[in-house]
Amino acid sequence: MSETPHSQAAFDLDRIVRETFATDVVFHEEIESTNTAALELCQADRAPNSLLVLTAQQTAGRGRGANVWWAGEGSLAFSLVLNALEFGLPQASWPQASLITGLSVCVAVESLVDQEAVALKWPNDVHLQGRKIGGVLIEVGPRSSGRLVIGIGVNVNNSLTEAPMELRERATSLIDVTGQMSDRTDVLVTILQQLEHQLSRLAHGDPALPSDWQKRCALHGRVVEVTSGIERKHGLCQGIDEEGALVLSTAEGPVRFFGGSVTRIE
Ligand code: BTN
């Protein structure tokens, strides 16, 4: 099924609640940032567990660090408030939950595009045919609430031909790869179902989980530079290990990163 462009009813909210673990949906035709809105609801104690904040058009999306997230018309942008502690994810597992969120988007996109190459660029960017198609921004809710705001953006019906110049070579969208409009409800439901499934695997300590992120690692075998706080290392990427750390082979020996950003790929 494909969606009518610019449709007011771009999302089937009843279906989202029926078929996913989101229990409530707050929908905005247009909003600056679903993560900001979700965090505000958490602060005001007005966010039930598993609340989904969804928009048809995000105008000032935030990315990791100081990045902005371009969300052209027809893209998918949403934030899920998850009570991670109730879900069985203690704070020590949150870095892995961030990786798993990227993995979930990866697996969902794989199922939507069939044979195309989808990869996970540590920690949680999703690449299709070597270009970024999705990003994840996870923020922690009010102290001791045990809540995470899991923000996900995916380029769906927004062709990169409409994107700012600097993104055109580096990013892609479902429509650019498949040549067809997708129903954003279908894409959203697929991602949320994967997210629930993969986070449950993490909560239950599924021993097969690491092989799923290892085999999708986009950086394996590449020479990269990783920055984490004031630390910056350059080396050959050996992949993502069992604990979700990115492993670099450097001049000083192996180095593991549990967080940070890849600042250069050679
Ligand atoms: C990144 O790649 O740096 C992360 C991008 C995350 C974008 C999503 S879109 C929905 C949610 N709301 C935001 O403002 N950001 C996230």
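Which residue in β5 does Thr55 stand opposite? Figure 2 has the answer.

**Figure 1. The whole chain of a predicted model, with 7 helices and 14 strands.** Since this is a predicted model, local features need pLDDT of at least 70 and side-chain atom pairs count only at pLDDT 80 or more, while totals for chains, interfaces and linings use all residues. Residues are numbered from 1 along each chain as its sequence is written, and side-chain values use heavy atoms, with hydrogens and water left out. Helices here are DSSP runs of H or I with at least four residues, strands are runs of E with at least two, and both are numbered from the N terminus. The radius of gyration is 18 Å, close to the 18 Å the globule rule gives for 266 residues, so the chain is as compact as a globular protein of that length. (That radius is taken over C-alpha atoms, and the rule is 2.2 Å times the number of residues to the power 0.38.) Along the principal axes, the C-alpha atoms fill a box of roughly 55 × 45 × 35 Å. Buried residues make up 55% of the 266; buried means under 20% relative accessible area, exposed over 50%, and partly exposed in between, with a 1.4 Å probe and protein chains only. Of the contacts with a separation of 6 or more, 66% are between residues 24 or more positions apart, a contact being heavy atoms within 4.5 Å. The accessible surface comes to about 12300 Å², and carbon and sulfur atoms own 48% of it; the areas come from the Shrake-Rupley method with a 1.4 Å probe.

**Figure 2. Strand β5 and its two pairings.** Here is the opening answer: Thr55 stands opposite Ala77 in β5. Strands β2 (residues 51–58) and β5 (residues 76–83) pair in the antiparallel sense over 4 bridges, and two strands count as paired if DSSP finds at least two bridges between them. Leu52 is also set against a β5 residue, namely Leu80. With β9, β5 pairs in the antiparallel sense over 8 bridges, and Phe78 stands opposite Ile152 there. How many residues of β5 are buried? The count is 8 of the 8, so β5 is largely enclosed by the rest of the structure. In a regular strand the side chains alternate between the two faces of the sheet. In β5, Leu76, Phe78, Leu80 and Leu82 point one way, and Ala77, Ser79, Val81 and Asn83 the other.

**Figure 3. The open sheet of 7 strands and two helices lying across it.** Follow the strands in the order β1-β2-β5-β9-β8-β7-β6, and you'll find mixed pairing. At the edges stand β1 (24–31) and β6 (118–121), each with a single partner strand, so one side of each has no neighbour in the sheet. From one strand to the next, the twist averages 20°. Helix α2 (residues 34–43) lies across β1, β2, β5, β8 and β9, running at about 145° to β2. Helix α3 (residues 94–113) lies across β6, β7, β8 and β9, and runs at about 165° to β6. For these angles, axes are lines fitted to C-alpha atoms (for helices, over the stretch in contact), and values run from 0 to 180 degrees between N-to-C directions.

**Figure 4. Asp24 in strand β1.** Asp24 is partly exposed, with a relative accessible area of 33%. Leaving aside residues up to four places away in sequence, Asp24 touches Pro48, Ser50, Leu51 and Leu52. A polar contact of 3.0 Å joins its side chain to that of Thr23. (Polar contacts are pairs of N or O atoms within 3.5 Å; within protein, one must be able to donate a hydrogen and the other to accept it, and residues adjacent in sequence count only if both atoms are side-chain atoms.)

**Figure 5. Ser159 in the loop between β9 and α4.** Is Ser159 buried or exposed? Ser159 is buried, with a relative accessible area of 16%. Its side chain makes a polar contact of 2.7 Å with the side chain of Asp176. Not counting residues up to four places away in sequence, Ser159 touches Trp70, Ser173, Ile175 and Asp176.

**Figure 6. The open sheet of 5 strands.** This one has antiparallel pairing and the order β13-β12-β11-β10-β14. The edge strands, β13 (253–257) and β14 (261–265), each pair on one side only. Direction ignored, neighbouring strands are turned by 45° against each other on average. Inside the sheet, β11 (residues 231–240) and β12 (residues 246–250) pair over 4 bridges, and Cys237 has Leu248 of β12 as its bridge partner.
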